[in-house]
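Hi everyone, thanks for coming. Let's take a friendly walk through a few strands and one lysine.

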Amino acid sequence: MSGTFLGTPKFPTAAKHALEDSQLRRNLAHATGVIRTKRAGVVDEVDEWEQLRLAGEAIKNRVLRHLPQYLEQLERSLTAAGATVHWARDAAEANAIVVDIARRHGTDEVVKVKSMATQEIDLNGALEAAGIHAWETDLAELIVQLGDDLPSHILVPAIHRNRAEVREIFLREMGKVGHPAPDDLTDEPKRLAAAAREHLREKFLRAKVAVSGANFAVAETGTLTVVESEGNGRMCLTLPEVLVSVVGIEKVLPTFQDLDVMLQLLPRSSTGERMNPYTSTWTGVTTGDGPQEVHVVLLDNGRTDVLADPTGRQALRCIRCSACLNVCPVYERTGGHAYGSVYPGPIGAILTPQLRGVGTDPQTDSLPYASSLCGACFEVCPVRIDIPEVLVHLRAEVVDAHRQASRVPSVQDVAMRAASWTLSSAKRTGAAEKAAGIGGRLVARLGRTVPGGRTVLGAVPGPASPWADSRDLPVPAEESFREWWERTDGGRSRTDRTDGGPKRTDRTDGGPKRTDRTDGGRNGNGGDVR
């Protein structure tokens, strides 16, 4: 059972369908709200939180500046500790390595720790194609897998499901692939967790090969780290004979001391906890303890292309905490499936286009626009990724890619070129302002008045209609700024004109005209003359 995001429509279309699902919106609002509240509470406990963020940013920036050096050091440390290191340029190479290891050990199943890297390369699909069952052991991943569903959140892949839906999935599907759920199963969380535990226990005990990712890989010692909340990771990392870890090359840290900073930032930002219930670290092979054969697959899959972009490379600082998803108003209303990627939300909107490339896939090209640019994602990011900056940068790349690919200029290109030509000349700008004023008088009667007294057009014909569908188009003023400036001598003359008739003073109550005094004098009754 596995699904892919192939064929997902562009974000606006997918988001529209998601918004029509009221149950989905309720599930998302409740779950993200709970996580936001928990995170805020534990972050407020740390007086030096901003200093921790700055430290995390500095560590990851140092890694990215010297990535080849630290990767080579990591390979040496892993090899010295008894692990076998593999290098994978893309998803196909990484999948082939894992499939080959499983086949060499004669197994037709593997147990898996939750891993974004293995989802990114669709490892489960590659294993299934080779006749090898991949069993997800994380509770949320298990729900997604049994429901033949797709993940919708980095941290909580089944966030779009409620307890009643989970109960139905367990009752319907567990018996088909292993230990069935009890007939009297309720939607009480501890009963659902107990059913999952019974279902997975037999798989843990018989598995010969396990697959994991890694939250961090320490170059200095060759230590890999996985943080989790359920204990399923600990079972996968200790019981099987063979352990294969697929690790993105950006996950490397220089020293063990750097791990201290990250283990303070990650749990607070992800699950809203001071520390994760399970933090597992392993360094190669230890005789008589844990897996006796350890493989580490260092995955590129587009990451060096991201590294080459001075603005976009900050996305590689991401530690997969999902804090940006939980504060994003767009994600909260649409969910993760609308993004068409295993990386949803704000971080997915910048990471996916960079890993896949822009200019070839309309769905991917739509992701940088899946944001209000409110900046909430940057405020909560534990390693200070300026997601709004990268979104704007990628929007420009998408536009440039389409401009280079098409010989026919778009309506937007034509409009911008016309504006550039007009605004580059004072004479042409003045003529355009006069024409706009005349046009404003002609179309004013077609508009409507909005609060503040402005007249706007609700819709316009022609190529600009999509732009006006979601915006009020102001009717041009009858008098341009240049004309006003000339008439009032730069604002020095206190007169106004509303209909082309005689000029009027700024007194409206019929009293004597006021004059400005600039010499500090007084009038006859001691008051300032105005």
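Before we start, one term: two strands pair if DSSP finds at least two bridges between them. Keep in mind that this is a predicted model.

With that in hand, look at strand β12, residues 455-457. It pairs with β13 in the antiparallel sense, over two bridges. Across that pairing, leucine 457 stands opposite leucine 473 of β13. Now add β11: the three strands make an open sheet, ordered β11-β12-β13, with antiparallel pairing. Why is one side of β11 and of β13 left without a neighbour in the sheet? Each of them, β11 at 448-449 and β13 at 473-474, stands at an edge with a single partner strand, so there is no neighbour on the other side.

Next, please find strand β4, residues 209-212. Which way do its side chains point? Val209 and Val211 go one way, while Ala210 and Ser212 go the other, and all are buried. In a regular strand, side chains alternate between the two faces of the sheet.

β4 has parallel pairings too. With strand β2, residues 109-112, the pairing runs over two bridges, and lysine 112 stands opposite valine 211. With strand β7, residues 242-248, there are four bridges, also parallel. There, serine 212 has serine 245 as its bridge partner.

Finally, meet lysine 203, in helix α10, residues 189-206. Lysine 203 is buried, yet has no salt bridge. The nearest side chain of opposite charge, glutamate 202, is 4.2 Å away, and a salt bridge needs a distance within 4 Å. Leaving aside residues up to four places away in sequence, lysine 203 touches Val111, Trp135, Val177 and Gly178.

Methods. Residues numbered from 1 in each chain as written. Predicted model: local features only at pLDDT ≥ 70, side-chain atom pairs only at ≥ 80, totals over all residues. Heavy atoms only, no water. Buried < 20%, exposed > 50% of the residue type's maximum accessible area, 1.4 Å probe, protein only. Lys, Arg positive; Asp, Glu negative; His and termini not counted. Contact = heavy atoms within 4.5 Å.
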